[in-house]
Amino acid sequence: MLEVQDIVKQYAKHLALDHVSFSIKKGSIFGLLGPNGAGKTSLIRIINQITAPDNGEILFNGEPLSEKHISQIGYLPEERGLYKKMLIGEQMLYLAQLKGLSRADAVERIKHWFEKMDMETWWNKRVEDLSKGMQQKVQFVATVIHQPELIILDEPFTGFDPVNVDVIKNEIIDLNKKGATIIFSTHRMESVEELCDSIVLINKSKKVLDGKVSEIKNTYRKHQYLIKYSDRLPLLNPEENELFKVLNIQELEDGNKATIELVNNYNINDVLGHLINQVQLQEFTEIIPSIHDIFVKQVKEN
Amino acid sequence: MKKIFLIIKREYLSRVKKKSFLIVTFLVPLLFLGMWGGVIALSIQDSASLSTIYVIDDSGLIINDLNNTESLSFEKATGSPTEEKSQLGENQFLLIIPEDVLESQKLALLSSQKPSIFVQSEISNQVNNILRKTLLSNAGIDLKTLDSIQPNVKVTSLEITEEGEQESNAGVAMGIGMFASIMIYLTLFIYGSQVMRGVIEEKNNRVVEIIISSVKPFQLMLGKIVGIGLVGLTQFLLWIALSGSLLTIGGLIISSQMPDAFSAEEMSTISSSVPNSAAFAQQNTLLDDVQGTLAGIDFPYLITCFLIFFIGGYLLYSALFAAVGSAVDSETETQQFMLPITMPLLFTYIMSFGVLVRDPQGPLAFWLSMIPFTSPIGMMVRVPFGVPLWQLGLSIVLLIGGFIFTTWVASRIYRVGILMYGKKASYKELIKWFKYRK
């Protein structure tokens, strides 16, 4: 769907993007992650053809980006707003027509979306009469009104209350099911894990991580497990070989909680078999690193 | 191209639909008419209210020769000055002429309120006339002979043009030149700053980033400039049409209200009250001159020139205004960038009053009317005086080149500026933005 190839973007003395490459599969929800100032917005602006890269190329469905792709991309910027004095309906019509819809089509789609999002009565309202959350809803609709193949959402959930976050989240999933590819740029890692299939992590203008969420998590697994057991006995390795290391133990009212790390390529079954004879097990969970942890670790390491 | 039209349409309609546009469009001609009508109404009223002037003439020279006019009636005072003083009511005056009026030439006019200038000048005119006659005959000069000697030289200035010699009038040309200079100066600022405010608004409420994911920044800038320019043109046309029709209607009403205002009788009363009737005759011919010149003015030509230079100047300056708007976050920050934009306009504006109207063909006038930054005002001051066609053409070509240049420079700053939030830009920064590849 989208191939980002060796993109370099230089602003005077500041290098915003340093040979960044990755690809986005059609129909996926793609997370574009990175701390503030990493170059995410620069990259998004290049994809939107707001600015041009100094080096490299972006392919949209195999073709180099050109003006005709503008109508196939929907962009919800992080810094977003609407004309305060303009009527919502007219504003939507204007934005939709700028994206290349005919007036009649635009009216029809706006009506459809307004109905869907409980906004029927908003047509003749002004933006300044709406709450911030309501404005966000309008902006979201404006982003997707022309049925773009690629939807780029930069921090889409800021300013929404939890109810509306769910509404928008469901709309995103719905649009994705209907075939839209979604690029999702955010700091909110829990929504990344919930929504994204793949991610790319950019830090200090460079790509540091790239791949499927599940694969990345796998790579960052440290074979650590959390176990709870009712006895207050110490966890002992078998005398002949070491199966695990105990990283910490916490005493609970009705037993112990411990974090262990598997060593010497032993698997869960080996450890379980050994521990069952020692203590009364209550819980045994693998500690899988969250995207948040991976993100923080990567950013700190770089 | 279709997108630019959409932008133009939005910019145009959102402004034309505003109440303030309607108010300004209809109020300005009304204001003109009101001022004009007010002046006329006041003068009618002033001459209509009758003032009575009680005269105590200790010299005995004057009182018999004072003539009643439509607004002034002279009556001989019956009581003593103190008695009369205490009895003065509204529109009643007490004129005391001392015995030695021939030598001192001083009169006292007493009243309970301030006398109008009209009353004062009428009295001094009449008394002057009477004294002059008395003094002349005292000196042994025959009045009739004197009156018969009235040389009346009239200088008709003729302008040599292709269509032959045309009557011209420097005063009228000067007036039109100044008016055009004021109009261009004001409108460039009014519409230029509207462009700037529009850009700041879009940048402030962040709608700009949504828009430029659909259109190129250059298209957005151009659409805004053209849209607001069309608002300006619409306003001009409405002003011209409204003022024209209002003035015609107003003129008809007023002339029907005062049918004998300019009757022969009236004229003679006025002229008799004017000390030197020749002066009035001169005024009369001047009036004829003005009318003659007004009729001789090629209004379509002037309006065409005005529109060309307004459009050219507007395009040139509004691009710069747009660039300034893109570089700041609020209107209060525009100051430092406004100065260099304002300077050439302000300079020409001031020059147009001091130098250009006096010497419209001089070197300063020539250069100011050629440099694109100053030519919208500079040339419009000169046009009423007559400008060689090649100069007009060259100035227009340079102006077109000028606005293409400023639009190019401005658009390079604009495309970067609109995406820079919360950054205070300096000139150094602007140059850096200008150099960005894209």
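**Exercise 1. The open sheet of chain A**

In what order do the strands of the open sheet of chain A come, and with what pairing? Then work out what packs on the sheet.

*Solution.*
Step 1. Keep in mind that you're working with a predicted model. Read across the sheet and you get β6-β7-β8-β3-β9-β10, six strands with mixed pairing.
Step 2. Look for strands that pair on one side only: these are β6 (73-76) and β10 (206-212) of chain A, the edge strands.
Step 3. Ignore direction and average over neighbouring strands, and the turn from one to the next comes to 15 degrees.
Step 4. Zoom in on one edge. Strand β9 (residues 198-203) runs antiparallel to β10(A), and six bridges join the two. One of the bridge pairs matches A:Asn203 with A:Lys206 in β10(A).
Step 5. Now add the helices. Helix α9 (residues 291-301) of chain A touches β3, β9 and β10, and its direction makes about 25 degrees with that of β9(A). Helix α1 (residues 40-47) of chain A lies across β3 (29-33), β7, β8 (181-185) and β9, running at about 155 degrees to β7(A).

**Exercise 2. A strand with two partners**

Find the strands that β4(A) is bridged to, and describe the turn that follows β4(A).

*Solution.*
Step 1. Start with strand β1 (residues 2-11) of chain A: five bridges join it to β4 (residues 55-60), and the two run antiparallel. Here A:Leu2 has A:Phe60 as its bridge partner.
Step 2. Next take β5 (residues 63-64) of chain A, which is also antiparallel to β4(A), with two bridges. Across this pair, A:Leu59 stands opposite A:Pro64.
Step 3. Check the connection. β4(A) and β5(A) make a hairpin with two residues between them, and A:Asn61 in the turn has a positive phi of about 50 degrees.

**Exercise 3. A covered helix and the chain contact**

How many of the 11 residues of helix α2 (residues 88-98) of chain A are buried? Say what they pack against, then describe the contact between the chains.

*Solution.*
Step 1. Count the buried positions: nine of the 11, so with a cut-off of 20 or more other C-beta atoms within 10 Å, the helix is mostly covered.
Step 2. Name some of them. The buried set includes A:Ile88, A:Met92, A:Tyr94 and A:Leu98, and A:Gln91 and A:Gln97 are also in it.
Step 3. Ask what covers them. The buried residues pack against α3 (103-116) and α4 (132-144) of chain A, together with α1 and α8 of chain B. Just after the helix, A:Gly100 takes a positive phi of about 105 degrees.
Step 4. Widen the view to both chains: 18 residues of chain B are in contact with 22 residues of chain A. On the chain B side, α1 (2-16) and α8 (207-211) each supply at least two residues.
Step 5. Sort that side by residue type, and you get seven nonpolar, four polar and seven charged.

**Exercise 4. Placing A:Tyr220**

Is A:Tyr220 buried, exposed or partly exposed? Locate it in the chain and list its contacts.

*Solution.*
Step 1. Find the loop: A:Tyr220 lies between α7 (213-219) and β11 (224-229) of chain A.
Step 2. Count neighbours. A:Tyr220 has 16 other C-beta atoms within 10 Å, which makes it partly exposed.
Step 3. Leave out residues up to four places away in sequence, and A:Tyr220 touches A:Pro289 and A:Ile294.
Step 4. Try a distance too: the C-alpha atoms of A:Tyr220 and A:Ser23 are 22 Å apart, with their positions 197 residues apart along the chain.

**Exercise 5. Domains and confidence**

What domains are assigned in chain A and chain B, and how far apart do their centres lie? Finish with the confidence of chain A.

*Solution.*
Step 1. For chain A, the assignment gives domain 1 (2-218) and domain 2 (223-286). Their C-alpha centres are separated by 46 Å.
Step 2. For chain B, the split is domain 1 (51-143) and domain 2 (170-251 + 295-435), with centres 57 Å apart.
Step 3. Fill in the rest of chain B. Its secondary structure comes to 17 helices and six strands, and 30% of its 438 residues count as buried.
Step 4. Check confidence. Chain A averages a pLDDT of 87, and 100% of its residues score at least 70. The lowest mean in chain A, 82, belongs to helix α6 (residues 189-195), and the highest, 93, to strand β7 (residues 150-154).

Conventions: Residues numbered from 1 in each chain as written. Chains lettered and ligands numbered in written order. Predicted model: local features only at pLDDT ≥ 70, side-chain atom pairs only at ≥ 80, totals over all residues. Contact = placed C-beta atoms within 7 Å. Helix = DSSP H or I, 4+ residues; strand = E, 2+ residues; numbered from the N terminus. Nonpolar A, V, L, I, M, F, W, Y, C, P; charged D, E, K, R; others polar. Domains from an automatic or database assignment. pLDDT = per-residue confidence, 0-100. Pairing = 2+ DSSP bridges. Axes fitted to C-alpha atoms, helices over the stretch in contact; angles between N-to-C directions. Buried ≥ 20, exposed ≤ 12 C-beta atoms within 10 Å, placed from the backbone.
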